[in-house]
Amino acid sequence: MKSVPLFNNYIGGEWVPAASGATCENRNPACYDQVLGVFPRSGPEDADRAVAAAVRALDSWRLAPAPKRAEILFRVGEILIRQKEEFARQMTQEMGKVLAETRGDVQEAIDMTYYMAGEGRRQFGQTVPSELPNKFAMSLRMPIGACGLITPWNFPMAIPSWKVMPALVCGNTVVLKPATDTPHSALNLVKALEKGGVPPGVVNLVFGTGSEVGLPLIRHKDVRLISFTGSTAVGNTVARECVPGFKHHHLEMGGKNVIIVMDDAKLDLAVDGAIWGGFGTTGQRCTAASRVIVHGKVYNEFLDRFACRARALRIGNGLDASVDMGPSINENQLRTVEEYVRIGLDEGARLVCGGRRLSDGEYARGFFHEPTVFADVDPRMRIAQEEIFGPVVSVIPCDDLDSAIEIGNGVVYGLSSAIYTQDVNSAFRAMRDMNTGIFYVNASTIGAEVHLPFGGTKQTGNGHREAGQAALDTFSEWKSIYIDYSGKLQRAQIDT
Ligand code: NAD
């Protein structure tokens, strides 16, 4: 029998176990009796040590020229490219999504690493004319300090990279606390950073739960910024915990995303988008299209085609190239999906396909659920309002574009929305009026690229964005500088 590998935290450049010696297992959601590895179950003392290491490393890292910091990131990008396939396979094993998607996850980390490495020679500030003679005025970015990064399991390498890479290129040091369900992908990223030459203490990795590692990180007086991606409920706690210490806090949270299908849409294209948006990553994307609002004139035809395609999806282990959709991440998440199916039925929605947990034969050892479509959904129903994070899509009829936009905006979240139409006027009106951070025309709600801002409105975010130039605003602070070379006291606003 193959022995189970044992992994450690990475603190101050050393791979060390949890101070308490406690551990927890990393299991395969497609086959939960398979233990993939044993990871530290760390506690507050490990978080403290990691923060101390990040604080110690801060001065030398922030004083290293940004292009030199970036050279290291370029090397990290090369390592990620070389190990992409290996990392993708390990990711599929630990969190279930199909190999094509885990390759995409690693690719996103590669893209982000290169993009942020490019920022080593940019990070543009401003020079502006002074209102006084012989005076020079400019602004430049400063690092914030030691940052705590708390990440979810659904993009287990991409999301840590969205935080680590901009933080590092801006001159911060970090402590990463990944989700307990996906430790290996975070470990792979940090190993690549170590191999690429990131100095000891600049990146620290502490495995453990939200309450035992996440909260102590947030409460630590020396952590100046918390960047959190996860559920809105936990984000709320993070925000409240950050307030007393006036900590920067960047929150990326839940979604209830929507595709609008107008009567002039290319229906095949819209069905492709709804299938990909609804069932890609088993519906476990923050940008998953869990609502589809369809114009009455094409409602029945869309629904028939959509349900037919959903029924045909092949479900199974994501390492099998013939599989379209993998398992839910764990038993709890699967129970949530089952609970929402029951809620949908109780609310009177029409179950068109799916609706059952799969537990026979090859499915017996995993957390599998059928792709599920509810039709004739009233937008006020809980299945149309709350984030399910599973393979359940609500199809909602509408009369026209105005009502579609009203229904689309009628949720507490505001991450991603899409419209399928051939009418440029409809596309532009929806683009203007949908209150979401991301919007697509004739494409699904998923598919963000690393060089534009990523994030959402309302209860999805708190006004910050990841990715693109916007990420630099999250991970740096502006310093405005005035240099007076007049040789005398000059008073702004007074000496005119
Ligand atoms: P989660 O909120 O349960 O956990 C996220 C992270 O927070 C994990 O690392 C967890 O251990 C930690 N955590 C939990 N409780 C904590 C606490 N009290 N203090 C500090 N840390 C704590 O979310 P999840 O189940 O891992 O991920 C799914 C959620 O993430 C969904 O709501 C999804 O929409 C959201 N998500 C959002 C985005 C985005 O960019 N908007 C991207 C991916 C996922």
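These legends describe close-up views of one predicted model.

Residues are numbered from 1 along each chain as its sequence is written, and side-chain values use heavy atoms, with hydrogens and water left out. Local features need pLDDT of at least 70 and side-chain atom pairs count only at pLDDT 80 or more, while totals for chains, interfaces and linings use all residues.

**View 1. Helix 1 and its bend at Ala 57.** Helix 1 covers residues 44-63, 20 residues in total. Helices (H or I, at least four residues) and strands (E, at least two) are DSSP runs, numbered from the N terminus. The expected span of a helix is 1.5 Å times one less than its number of residues. For helix 1 that gives 28 Å, and the end C-alpha atoms are 29 Å apart, so the two values agree. The helix bends by about 40° at Ala 57. The bend at a residue is the angle between axes fitted to the seven residues ending there and the seven starting there. Ala 57 is also one of the buried residues of helix 1. The others are Asp 46, Ala 47, Ala 50, Val 51, Ala 53, Ala 54, Leu 58 and Trp 61. Buried means under 20% relative accessible area, exposed over 50%, and partly exposed in between (1.4 Å probe, protein chains only).

**View 2. The ligand and the residues around it.** The ligand is surrounded by 27 residues (a heavy atom within 4 Å). Thr 151, Lys 177, Ser 231, Met 253 and Glu 387 are the closest. Thr 151 places a backbone N or O atom 2.8 Å from a ligand oxygen atom. Lys 177 has a polar side-chain atom 2.9 Å from an oxygen atom of the ligand. For Ser 231, a polar side-chain atom lies 2.6 Å from a ligand oxygen atom. Taken alone, the ligand exposes 850 Å², and the protein buries 86% of that. Accessible areas come from the Shrake-Rupley method with a 1.4 Å probe; for residues, only the protein chains shown count as cover.

**View 3. Asn 134 and Gln 493, two residues with positive phi.** Asn 134 is not a glycine, yet its phi is near 50°. This residue lies in the loop between strand 5 (126-129) and strand 6 (135-143). Asn 134 counts as partly exposed because its relative accessibility is 40%. Gln 493 is not a glycine either, and its phi is about 70°. Gln 493 lies in the segment after strand 23 (476-484). Its relative accessible area is 64%, so Gln 493 is exposed.

**View 4. Cysteines without a disulfide.** A disulfide is a covalent bond between the sulfur atoms of two cysteines. Here the criterion is a pair of cysteine sulfur atoms within 2.5 Å. A search of the whole structure finds zero. Why does Cys 24 have no bond to Cys 31? Cys 31 holds the closest cysteine sulfur, but that sulfur is 19 Å from the sulfur of Cys 24, too far for a bond. Cys 24 is partly exposed, at 26% relative accessibility. Cys 286 counts as buried, at 16%.

**View 5. Arg 285 and its contact with Thr 281.** Arg 285 is found in the loop between helix 9 (267-279) and strand 13 (291-295). Is this arginine buried or exposed? Arg 285 counts as buried, because its relative accessibility is 13%. Its side chain makes a polar contact with the side chain of Thr 281, at 2.8 Å. A polar contact is a pair of N or O atoms within 3.5 Å; within protein, one must be able to donate a hydrogen and the other to accept it, and residues adjacent in sequence count only if both atoms are side-chain atoms.

**View 6. Gly 273 and Gly 277 in helix 9.** Gly 277 is buried, with a relative accessible area of 0%. Gly 273 is buried too, at 6%. Gly 277 and Ile 259 are 18 residues apart in sequence, and their C-alpha atoms are 8.6 Å apart. Gly 273 and Leu 415 are 142 residues apart in sequence and 17 Å apart in space, C-alpha to C-alpha.

**View 7. Thr 474 and Leu 225.** Thr 474 is found in helix 15 (residues 470-475). With a relative accessible area of 3%, Thr 474 is buried. Thr 474 and Leu 225 are 249 residues apart along the chain, and 9.0 Å separates their C-alpha atoms.
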